[in-house]
Amino acid sequence: LRFLIMIVVPAAELVGRNLWSTFPDAAGHPLRTVYEHCMATQTAERFEAHFAPTDTWYESHAYPSPEGLSVFLRDITDHKRTEAALRHAKEQAENLINGANLMVVGLDAQGRVTLFNKAAQALTGYAPTDLAGRNWLEVLVPEHRYPGAHGEVRVGTGAWNTGWHHGHGFMQWTGSQAQKDALERLRTLS
């Protein structure tokens, strides 16, 4: 109701007055229900409200006491617009990914599937629920079937890259039977 106070009456003139009798047009406003509940239960409330005439969003913090209700309002319109823009961008990206006529698979840092579009489902026969928590490379190239494709790998200078590269949790298929088998499996999926 800050919008009413700011537009119509200086705040100093409202101190000690009943807000609802001062602004009878606000009688049906959702804020009234929250404020009355706050007073009746003597519990603090935080909520958001939209004021359509000015297209403004407010965050309200109401603190009851036996003497009355202290209300603090903050304009959160910019925040709400940013949230809406992010939601729209996310929906647009999801529509593009799901509408793509190619396989899109998103992985987290551990190689677990985080995104699996409709084309990927059609090409592989997997549903996203089939892959929940599973490592994509283990699904594509199971260790029990391709034992040579997993494990520690050391690549020396002059191979395909410079410097030393080693570690766990990745695969090297270059020129191996495992690579040929994996590529053939991909061909049969598509």
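**Entry 1. Y35 and its surroundings**

I began with Y35, which I found in helix α3. The model I am reading is a predicted one. I asked whether Y35 is buried or exposed. Its relative accessibility is 5%, and because the limit for buried is under 20%, Y35 counts as buried.

I then looked up what Y35 touches, leaving aside its neighbours within four places in sequence. The contacts are W20, F47, S60, A62, L69, V71 and L73. I also checked the spacing between Y35 and E45, which are ten residues apart along the chain. Their C-alpha atoms are separated by 8.1 Å.

**Entry 2. The core that holds Y35**

Next I asked which residues make up the largest nonpolar core. There are ten in all: L14, W20, F23, A26, L31, Y35, C38, F47, A49 and A62. Two elements, α3 (30-41) and β1, give two or more residues to this core. Of these, α3 gives the most, with three residues. I also noted a second, separate core of nine residues, among them V113, A120, W136 and V141. I set beside this a general remark: in soluble globular proteins, nonpolar side chains tend to be buried together.

**Entry 3. Strands β1 and β2**

I turned to strand β1, which covers residues 45-51, and to strand β2, which covers residues 56-65. The two run antiparallel and are joined by seven bridges. I looked up two of the bridge partners in β2. E45 has A62 as its partner, and F47 has S60. F47, A62 and S60 had already appeared in my list of contacts of Y35.

β1 and β2 form a hairpin, and I asked how many residues lie between them. There are four, and D55 in the turn has a positive phi of about 50°.

**Entry 4. Strands β2 and β3**

I followed β2 to its other partner, strand β3, which covers residues 68-75. Eight bridges join β2 and β3, and these strands also run antiparallel. They form a hairpin with two residues between them. I recorded as a general point that in a regular strand the side chains alternate between the two faces of the sheet.

**Entry 5. D75**

I looked up D75, whose place is in strand β3. Its relative accessible area is 46%, so D75 is partly exposed. I asked which residue stands opposite D75 across the bridge. The residue is Y58. D75 and Y58 are 17 residues apart along the chain, yet their C-alpha atoms are separated by 4.7 Å.

Beyond its neighbours within four places in sequence, D75 is in contact with T56, W57 and Y58. The side chain of D75 also makes a polar contact of 2.7 Å with the side chain of T77.

**Entry 6. Aromatic rings**

W57 led me to a further entry. The charged end of K80 sits over the ring of W57, 4.6 Å from the ring centre. A search of the whole structure for aromatic pairs finds three.

**Entry 7. N117**

I moved on to N117, in the loop between β5 (113-116) and α5 (118-124). I asked whether N117 is buried or exposed. N117 counts as buried because its relative accessibility is 0%. Leaving aside its neighbours within four places in sequence, N117 is in contact with I97, N98, A100, L102, M103 and V104. A polar atom of the N117 side chain lies 2.9 Å from the backbone nitrogen of A120.

**Entry 8. T124**

I then looked up T124, in helix α5. With a relative accessible area of 12%, T124 is buried. I asked where the side chain of T124 finds backbone atoms. One of its polar atoms lies 2.7 Å from the backbone oxygen of A120. The T124 side chain also reaches the backbone nitrogen of Y126, at 3.1 Å. A120 thus appears in two of my entries on polar atoms, with its backbone nitrogen beside N117 and its backbone oxygen beside T124.

**Entry 9. The chain as a whole**

I closed with totals for the protein chain. Its secondary structure comes to eight helices and seven strands. Of its 190 residues, 25% count as buried. I also looked up the contacts with a separation of 6 or more, and residues 24 or more positions apart account for 25% of them.

Terms used. Residues are numbered from 1 along each chain as its sequence is written. This is a predicted model: local features need pLDDT of at least 70, side-chain atom pairs count only at pLDDT 80 or more; totals for chains, interfaces and linings use all residues. Side-chain values use heavy atoms; hydrogens and water are left out. Two strands pair if DSSP finds at least two bridges between them. A nonpolar core is a set of buried Ala, Val, Leu, Ile, Met, Phe, Trp, Tyr and Cys residues joined through side-chain atoms within 4.5 Å. Buried means under 20% relative accessible area, exposed over 50%, partly exposed in between (1.4 Å probe, protein chains only). Contact means heavy atoms within 4.5 Å. Rings of Phe, Tyr and Trp (its six-membered ring) pair if their centres lie within 6.5 Å; planes under 30 degrees apart count as stacked, over 60 as edge-to-face and the rest as tilted. A charge sits over a ring if NZ of Lys or CZ of Arg is within 6 Å of the ring centre and within 35 degrees of the ring normal. A polar contact is a pair of N or O atoms within 3.5 Å; within protein, one must be able to donate a hydrogen and the other to accept it, and residues adjacent in sequence count only if both atoms are side-chain atoms.
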